[in-house]
Amino acid sequence: MQPAIQRLVQLGPFPSSSLAKAPVLRELEALLAGVQTPVTKDEARALVRLFGPDDCFGLAWSLLYLVETSPDWRIDDALDGLSGEWIERLRERGSCRRA
């Protein structure tokens, strides 16, 4: 797994925009920018667990795009047991992708 993704996983789910602190946001932004694409299936599976309660000042969009770069991305099983706005968005986008 890429070091940037390992660090993102260590940091855990993204904070809400109302609670996020500038240093954390800068680190998240730098880590997301440092991920090499396409991500692997295992990396995508790890990344989907990082979505927080909102868009975290747009960083959730970057996360979503990274997940979607995985050529082996299979949404059905990777999202089992997960919920929230961003997970639903991935489910919707995944069903359109396979149609």
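**Exercise 1. Classify E88 at 36% relative accessibility, then find its charged partner.**

Step 1. At 36% relative accessibility, E88 counts as partly exposed, because that class runs between under 20% (buried) and over 50% (exposed). The model is predicted.
Step 2. Look for a partner. E88 forms a salt bridge with R91, and the closest N and O atoms are 2.7 Å apart.
Step 3. Place the pair. Both E88 and R91 lie in helix α6, three residues apart, about one turn of the helix.
Step 4. Classify the partner. R91 has a relative accessible area of 28%, so R91 is partly exposed.

**Exercise 2. Describe the salt bridge between E85 and R89.**

Step 1. Take the distance. The side chains meet at 3.4 Å, N to O. The cut-off is 4 Å, so the pair counts.
Step 2. Take the spacing. E85 and R89 are four residues apart in helix α6, about one turn of the helix.
Step 3. Check the accessibility. E85 is partly exposed at 44%. R89 is partly exposed too, with a relative accessible area of 23%.

**Exercise 3. Determine which parts of the chain the R93 salt bridge links.**

Step 1. Identify the pair. R93 forms a salt bridge with E68, the closest N and O atoms being 2.7 Å apart.
Step 2. Locate both ends. R93 sits in helix α6 (residues 85-98) and E68 in helix α4, 25 residues apart; the pair links distant parts of the chain.
Step 3. Compare the surroundings. R93 is partly exposed at 31% relative accessibility, whereas E68 is among the buried residues of α4.
Step 4. Set the pair in context. A search of the whole structure finds four salt bridges.

**Exercise 4. Decide whether helix α4 is largely enclosed or open, and list its buried residues.**

Step 1. Count. Seven of the ten residues of α4 (residues 59-68) are buried.
Step 2. List. The buried residues are L59, A60, L63, L64, L66, V67 and E68.
Step 3. Conclude. With seven of ten buried, α4 is largely enclosed by the rest of the structure.

**Exercise 5. Characterise the overall fold and its charges.**

Step 1. Count the elements. The protein has six helices and zero strands, in the pattern α-α-α-α-α-α.
Step 2. Test compactness. The radius of gyration is 13 Å, close to the 13 Å from the globule rule for 99 residues, so the protein is as compact as a globular protein of that length.
Step 3. Check burial and contacts. Buried residues make up 41% of the 99 residues. Of the contacts with a separation of 6 or more, 73% join residues 24 or more positions apart.
Step 4. Tally the charges. There are 12 positive and 14 negative side chains, and the centres of the two sets lie 1 Å apart.

How values were computed. Residues numbered from 1 in each chain as written. Predicted model: local features only at pLDDT ≥ 70, side-chain atom pairs only at ≥ 80, totals over all residues. Heavy atoms only, no water. Helix = DSSP H or I, 4+ residues; strand = E, 2+ residues; numbered from the N terminus. Rg over C-alpha atoms; globule rule 2.2 N^0.38 Å. Buried < 20%, exposed > 50% of the residue type's maximum accessible area, 1.4 Å probe, protein only. Contact = heavy atoms within 4.5 Å. Lys, Arg positive; Asp, Glu negative; His and termini not counted. Charge placed at Lys NZ, Arg CZ, Asp CG, Glu CD.
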